[in-house]
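Work through the exercises below with the model open. Try each task before reading its solution.

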Amino acid sequence: MAMAALLLLNNCRDFEGWEDSGYKEMKYTKGQYCWGGPDRSTRVRLVCGASNEIKSVEEPAKCEYLMVLATPYACNTHDAKELEQSLSPEDAVDSADIV
């Protein structure tokens with residue numbers, strides 16, 4: 001399912017909703033035609049994480065997908081400090097490196 005969502009993203013032409021979500025969610029629209037439904041669309045929700053990792057991919061409505069992507073780039077200073085405390089010393093992220 002995750003691979004299908006990634007392929008879907010490559011076919012999408014529009015990008016909207018970035019500022020409205022506080023820079024934590026992207027919306028790709030006008031994707032591949034979906035038989036008996038709307039054109040495919042995907043929301044990519046960014047959450048704070050130690051590395052880039054797809055956490056989940058769901059289809060909450062026909063031909064509409066939601067992907068949760070963990071990334072250090074979604075961390076603010078507070079998130080980074082919490083993440084740093086939860087990691088083992090060898091996996092820790094220096095919160096000073098996160099903008």
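**Exercise 1. Locate K30 and describe its backbone and its exposure.**

Step 1. K30 lies in the loop that links β2 (25-29) to β3 (41-48). Helices (H or I, at least four residues) and strands (E, at least two) are DSSP runs, numbered from the N terminus.
Step 2. K30 is not a glycine, yet its phi is positive, about 60 degrees.
Step 3. K30 has 45% relative accessibility, so it counts as partly exposed. The cut-offs: buried is under 20% relative accessible area, exposed is over 50%, and partly exposed is in between (1.4 Å probe, protein chains only).

The ground rules come next. This is a predicted model, in which local features need pLDDT of at least 70 and side-chain atom pairs count only at pLDDT 80 or more, while totals for chains, interfaces and linings use all residues. Residues are numbered from 1 along each chain as its sequence is written, and side-chain values use heavy atoms, with hydrogens and water left out.

**Exercise 2. Find where confidence is lowest and highest in the chain.**

Step 1. Take the average: pLDDT is 75 for the chain, and 64% of the residues score at least 70. pLDDT is the predictor's confidence in each residue, from 0 to 100.
Step 2. Go to the extremes. Helix α1 (residues 2-11) is lowest, with a mean of 52, and β4 is highest, at 94.
Step 3. Apply the caution: where pLDDT is low, the predicted coordinates should not be read in detail.

**Exercise 3. Trace the pairing around β5 and state whether β5 is enclosed or open.**

Step 1. Pair β5 with β3: they run parallel over eight bridges. Two strands pair if DSSP finds at least two bridges between them. V44 sits opposite M67 of β5.
Step 2. Pair β5 with β4: six bridges, antiparallel. E53 has A70 in β5 as its bridge partner.
Step 3. Inspect the turn. β4 and β5 make a hairpin with two residues between them, and C63 in that turn has a positive phi of about 65 degrees. C63 is buried, at 1% relative accessible area.
Step 4. Conclude. Six of the eight residues of β5 are buried, so β5 is largely enclosed by the rest of the structure.

**Exercise 4. List the largest nonpolar core and the elements that give it two or more residues.**

Step 1. Fix the term: a nonpolar core is a set of buried Ala, Val, Leu, Ile, Met, Phe, Trp, Tyr and Cys residues joined through side-chain atoms within 4.5 Å.
Step 2. List the seven residues: M26, Y28, V44, L46, V57, M67 and A74.
Step 3. Assign them. β2 and β3 are the elements that give two or more residues to this core.
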